[in-house]
Amino acid sequence: MCSSAVLKFLPLFKDRCTKLNVIAVDSRDKLEDTTAGKNFGEQHFSELEDESLKYAVIDQFHQKFGPAIFHIKKQSAIGVAVEGIDICRFGKLCLIQIATKDQIYLFDIFLLGPVAFKNGLKMVLEDSNILKVIHDCRLVSDCLYHQYRVDLTNVFDTQVADVLQFSFEAGGLLPNCVSTLEESLIRHLSLPTTKAQFLQRSAHAVKDNPKVWTYRPLPTCLMQRAGLEVMYLLSLRSVLMDKLMVDFTTQVDNYLSMYRNMPCINLGSAEHYSMELPYELKELAVIQRLRREDAMKSYKIDEKGLLVRPHPQSEKISESEGRVINTDDIPELESIVPSGENAFEMQNDEIPFLEPSPDCTQDLCPPLERVSLSVF
């Protein structure tokens with residue numbers, strides 16, 4: 001009796017399961033609706049016509065995944081970016097972009113799943129020998145750590161570097177906001193207008209509908225945006241490092257020529273002043289003050305005392321060049337006026353080559369703090 005009852009209701013049970021499977025399949029297909037992806041690209045922004053933007057999509061483990069990880073592992077620095085829905089510990093990670101000097105990889109985490117990190121991505125992102133260049137790593141770090149137990153190490157954040165560089169140019173004053181990646185690329189790399197507008201339009205479109213990152217296959221315009229986000233990170237880091245090191249490299253150059261270019265030097269006098277702060281380094285305080293004065297004139301100040309930073313296309317002063325210090329702005333220093341042939345030779349800013357002389361017992365060199373060879 002029991003067996004006959006089971007057999008009686010078995011066809012109904014199978015029919016119900018079939019309906020549930022159809023609903024599940026329909027729901028999944030709706031999430032990966034390729035038509036929606038095409039419409040998104042057509043309605044919001046067109047594809048970027050740029051043959052130089054080449055990328056490799058890694059959406060399967062065989063063939064492409066292993067060689068990509070092996071190539072990345074050999075790099076000393078890589079650019080890293082992510083895409084998804086509300087990127088954070090509670091969001092959905094869909095894509096990880098990694099750029100090397102000669103290749104851009106788009107790892108499709110939406111299809112690969114967490115296994116992608118166990119198969120090599122975690123090893124790369126936690127490798128202390130590989131510098132990871134990221135623009136605003138805060139939510140990226142939060143997402144990777146809490147969802148995939150990936151602890152990012154050895155990171156160069158270009159958003160932090162941009163703020164430090166602005167403060168450096170403003171004599172220690174801070175901006176009222178951080179810069180987006182698009183603004184940083186325009187400001188420091190003079191990104192072409194077509195690419196800048198493409199990034200801006202796509203950013204607005206994605207913000208309106210972040211679920212587009214779940215469309216499969218991804219629209220070409222979205223993959224181009226993802227590739228473009230990491231394409232210039234390594235170059236951006238290089239430019240920012242050069243700007244942050246301007247004063248350091250200038251002072252090192254001054255150190256190299258401080259004794260070498262003097263007409264004659266008394267070693268005892270040089271040893272006496274070797275541990276005192278040279279005048280060249282004291283000039284840094286003057287330069288900082290002049291930069292602050294320039295910044296106060298060039299930028300508006302908000303109620304918190306921070307400098308209001310305009311869009312890079314509307315800035316009056318090009319930050320890529322920095323503040324050029326006029327030598328007339330620096331207090332005049334006493335200098336030694338050479339005589340005879342040396343005076344004639346040095347009129348053209350040429351310093352004569354003098355051989356060391358054992359008879360040079362007279363102290364012809366002034367105290368080091370009174371001599372300035374700085375050029376700003």
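Q: Which strands does helix 7 (residues 158-169) lie across, and at what angle does helix 7 run to strand 6?
A: In this predicted model, helix 7 is placed against the sheet at strand 5 and strand 6. Strand 6 (155-157) is one of the edge strands, pairing on one side only. Helix 7 therefore lies across strand 5 and strand 6, and the angle to strand 6 is about 50°.

Q: In what order do the six strands of the open sheet stand?
A: The pairing in this sheet is mixed, and one parallel pair is made by strand 2 (residues 77-85) and strand 5 (residues 131-134), which share three bridges. Within these two strands, Ile78 stands opposite Lys132. Strand 1 (56-58) and strand 6 (155-157) are the edge strands, and the complete order is 1-4-3-2-5-6.

Q: Where do the buried residues of helix 12 (residues 246-258) lie when seen down its axis, and which exposed residues are on the face turned away from them?
A: The buried residues of helix 12 are Asp247, Thr250, Gln251, Asn254, Ser257 and Met258, and what covers them includes helix 7 and helix 14 (279-298). Because their directions fall within an arc of 125°, these buried residues line one face of the helix. The face turned away from the buried side carries the exposed residues Phe248 and Leu256.

Q: How many of the twelve residues of helix 10 are buried?
A: Helix 10 (residues 220-231) reaches 16 Å from its first C-alpha to its last, close to the 16 Å expected for this helix. Its buried residues include Cys221, Leu222 and Met223. The helix is largely enclosed by the rest of the structure, because the number of buried residues is ten of the twelve.

Q: Which residues are linked with Arg225 in a network of salt bridges?
A: Within helix 10, Glu229 and Arg225 are four residues apart, which means that about one helical turn separates them. Their closest N and O atoms are 2.8 Å apart in a salt bridge, and both residues are buried, Glu229 at 11% relative accessible area and Arg225 at 7%. The network that contains Arg225 also takes in Glu182 and Glu229.

Q: How many residues apart are Asp142 and Arg89, which the chain places in distant parts?
A: The side chains of Asp142 and Arg89 meet in a salt bridge, at 2.8 Å from N to O. Asp142 is buried at 14% relative accessible area, whereas Arg89 is partly exposed at 39%. Asp142 belongs to helix 6 (residues 138-148) and Arg89 to the loop between strand 2 and strand 3, and the two are 53 residues apart.

How values were computed
Residues are numbered from 1 along each chain as its sequence is written. This is a predicted model: local features need pLDDT of at least 70, side-chain atom pairs count only at pLDDT 80 or more; totals for chains, interfaces and linings use all residues. Side-chain values use heavy atoms; hydrogens and water are left out. Two strands pair if DSSP finds at least two bridges between them. Contact means heavy atoms within 4.5 Å. Axes are lines fitted to C-alpha atoms, for helices over the stretch in contact, and angles run from 0 to 180 degrees between N-to-C directions. The expected span of a helix is 1.5 Å times one less than its number of residues. Buried means under 20% relative accessible area, exposed over 50%, partly exposed in between (1.4 Å probe, protein chains only). The arc is that of the directions from the helix axis to the C-beta atoms. A salt bridge is a side-chain nitrogen of Lys or Arg within 4 Å of a carboxyl oxygen of Asp or Glu.
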